[in-house]
Amino acid sequence: MTAALTPTRPEFGREDVDALVDDLLALLGPRGVSTLDRALDRAARDGSGLSPILSAQDLGRPDAVCYPKSADQVPAIVRAAIRRGVPITARGKGTGNYGQVVPRFGGLVMDMTSLSAVTGRTDTTITAEAGARMVTLEQAAWEAGRQLWMYPSTVQSTLGGFLAGGSAGTGTIVHGRNHMGFVESLDVVFGHEDAEIVHLTGLDAQPLVHTYGVAGIIVAATVRIEPLQQWRCPYVSFDSHHEAFPAARAAGAIAPLPRLLSADRAELVGALPADPALVRDRANVRGIVDAAALDETVAVLEAAGGRVEAVREGLPQTLRVSTLSYNHPTWWLQKAVPDTYFHMEVSGDALVTRLREVEAVYEGGMLHLDVGHGTVFGMLNGVYRSPEQVYAGVPALRALGVSVHSPHQSYVDLDADRVRAIARGTDPKGLLNPGRWLE
Ligand SMILES: Cc1cc2nc3c(=O)[nH]c(=O)nc-3n(C[C@H](O)[C@H](O)[C@H](O)COP(=O)(O)OP(=O)(O)OC[C@H]3O[C@@H](n4cnc5c(N)ncnc54)[C@H](O)[C@@H]3O)c2cc1C
């Protein structure tokens with residue numbers, strides 16, 4: 001977790017970038033590529049500001065940014081970059097929270113957000129270009145009486161970015177995390193000099209998911225949808241999160257399973273956007289619950305000491321609850337109290353059963369909780385002192401039975417060996433988002 005990253009920098013220079021920019025001007029026109037500081041700075045930013053450790057590092061800055069307007073421009077851009085030996089990093093909305101979209105060695109960033117068309121739908125799938133926003137896909141699904149299997153709390157983020165860099169969110173209680181089974185097919189471009197769009201389906205597509213753009217660039221994807229359920233959004237307040245957290249976990253097992261259940265202690269509720277249903281000085285459980293399970297859910301929460309503050313419904317309300325889940329309470333906390341907190345991603349039953357000990361690991365420890373697929377996830381916020389203090393808490397958390405993932409690193413850490421093995425074939429020159437390996 002504290003190991004240093006010493007990746008190999010691809011050999012390329014200013015003249016290679018200049019030649020590539022000329023290629024791209026010919027390909028995309030003057031509005032399709034930029035080397036202006038404003039554009040470069042924008043493409044060097046992501047959600048890594050959540051980590052004081054990453055914020056103190058120079059994560060990288062591109063030399064040029066390009067903006068494909070049609071899917072067939074993507075392989076042409078990749079061919080040009082690979083032939084010039086210039087690294088290329090795909091960028092969605094730039095909300096990834098670990099710096100994985102920041103081009104470590106510079107080179108070209110390809111902004112995918114103009115490729116945003118929703119191109120097809122069946123009863124069980126929706127197809128869209130990689131830059132389509134998750135909220136757009138959810139809206140399109142609702143209009144057809146369907147819902148996405150899953151989407152992140154960053155509802156404005158892109159399909160390509162969520163598949164490449166995301167892992168969980170609304171829908172995870174039912175469908176699990178890391179997009180298993182979510183993707184039916186992908187259109188991908190590999191890092192080859194003669195790159196074309198490759199269509200992969202089912203088990204051939206799955207290995208490319210969650211690979212941070214290091215093994216291929218997603219141009220379009222077909223993902224699963226399911227019949228729309230009648231969702232209700234209860235907001236229930238508690239005297240203490242020591243009552244709220246076990247109650248949320250218990251409610252998360254009520255069938256039909258909820259789409260989302262989140263819980264916060266009063267201090268974190270106080271940092272969330274003002275809302276009469278988020279009562280100040282009280283802990284809160286909120287969620288997206290099937291109408292058929294609402295009465296039982298409310299009964300379980302009330303039996304644990306909860307007080308119903310509101311029950312809402314409709315697409316905007318479900319999206320609102322989603323934007324208060326996963327990393328978002330940490331984001332709101334850091335907005336309310338700047339330059340003070342860091343967080344650790346944690347999971348496991350101990351978050352509920354050993355809550356006091358878990359929060360005591362860090363000074364000012366405050367846990368945000370999301371119910372998962374047979375488990376619970378959390379963001380453990382604490383007062384930041386130094387990287388050493390952050391990492392020193394990890395063994396203590398593990399000793400309590402908590403699984404820990406550090407949001408303070410920008411390398412590939414999920415199945416890294418498997419991803420690297422794929423990338424050896426799909427990116428032989430190591431030019432797709434390089435610098436993501438621990439050497
Ligand atoms: C406050 C906050 C809350 C968050 N909540 C969640 C959450 O609930 N669940 C969750 O999973 N994540 C969450 N995240 C992380 C992130 O927002 C999501 O994973 C998001 O879906 C990423 O999409 P993006 O379009 O912003 O991707 P980006 O940040 O632009 O990119 C993410 C990674 O994917 C790669 N990439 C982007 N587009 C492509 C493409 N077309 N082809 C190949 N690679 C590509 C990038 O190179 C980068 O490595 C959160 C982050 C923040 C800051």
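Here are some friendly notes on this predicted model, taking the domains before the local details.

1. **Layout of the chain.** A good place to begin is the domain assignment, which gives domain 1 (14-111), domain 2 (118-228) and domain 3 (231-312 + 328-405). Note that domain 3 is listed as two stretches of the chain.

2. **The record's view.** UniProt, in an unreviewed entry, lists residues 58-228 as "domain: FAD-binding PCMH-type". If you trace residues 58-228 in the model, you will find 22% helix and 27% strand. The C-alpha atoms at the two ends of that stretch lie 44 Å apart.

3. **Where domain 1 meets domain 3.** Taken over C-alpha atoms, the centres of domain 1 and domain 3 are separated by 36 Å. Even so, the two domains do touch: six residues of domain 1 are in contact with 12 residues of domain 3. The size of an interface is often given as the accessible area lost when the parts come together. Here, domain 1 and domain 3 bury about 650 Å² between them, and 67% of that is on carbon and sulfur atoms.

4. **Who contributes on the domain 1 side?** Which residues of domain 1 lose the most area to domain 3? They are Leu-50, Pro-52 and Ile-53, which together make up 78% of what the domain 1 side buries. The residues on this side that touch domain 3 divide into four nonpolar, two polar and no charged.

5. **Polar links across the same boundary.** How many salt bridges are there between domain 1 and domain 3? The count is zero. Two residue pairs are in polar contact between domain 1 and domain 3, both at pLDDT 80 or more.

6. **Salt bridges in the model.** Side chains of opposite charge can pair when their charged atoms come close. The count for the model comes to 23 salt bridges. An example to look up is Arg-14 with Asp-18, whose closest N and O atoms are 3.3 Å apart. Arg-14 and Asp-18 are separated by about one helical turn, because they are four residues apart in helix 1 (residues 14-28).

7. **Two backbone details to look at.** Ala-255 and Pro-256 are joined by a cis peptide bond, with omega about -10°. You can find Pro-256 in the loop between helix 9 (241-251) and strand 12 (260-264). Further along, Asp-281 sits in the loop between helix 10 (266-269) and strand 13 (283-290). Asp-281 has a phi near 65°, a positive value in a residue other than glycine.

How values were computed
Residues are numbered from 1 along each chain as its sequence is written. This is a predicted model: local features need pLDDT of at least 70, side-chain atom pairs count only at pLDDT 80 or more; totals for chains, interfaces and linings use all residues. Side-chain values use heavy atoms; hydrogens and water are left out. Domain bounds come from an automatic or database domain assignment. Contact means heavy atoms within 4.5 Å. Buried area is the accessible area (1.4 Å probe) that two parts lose on being put together, summed over both. A salt bridge is a side-chain nitrogen of Lys or Arg within 4 Å of a carboxyl oxygen of Asp or Glu. A polar contact is a pair of N or O atoms within 3.5 Å; within protein, one must be able to donate a hydrogen and the other to accept it, and residues adjacent in sequence count only if both atoms are side-chain atoms. Ala, Val, Leu, Ile, Met, Phe, Trp, Tyr, Cys and Pro count as nonpolar, Asp, Glu, Lys and Arg as charged, and the others, Gly among them, as polar. UniProt positions are given in the numbering used here, feature names are shortened, and annotations may be inferred rather than shown by experiment.
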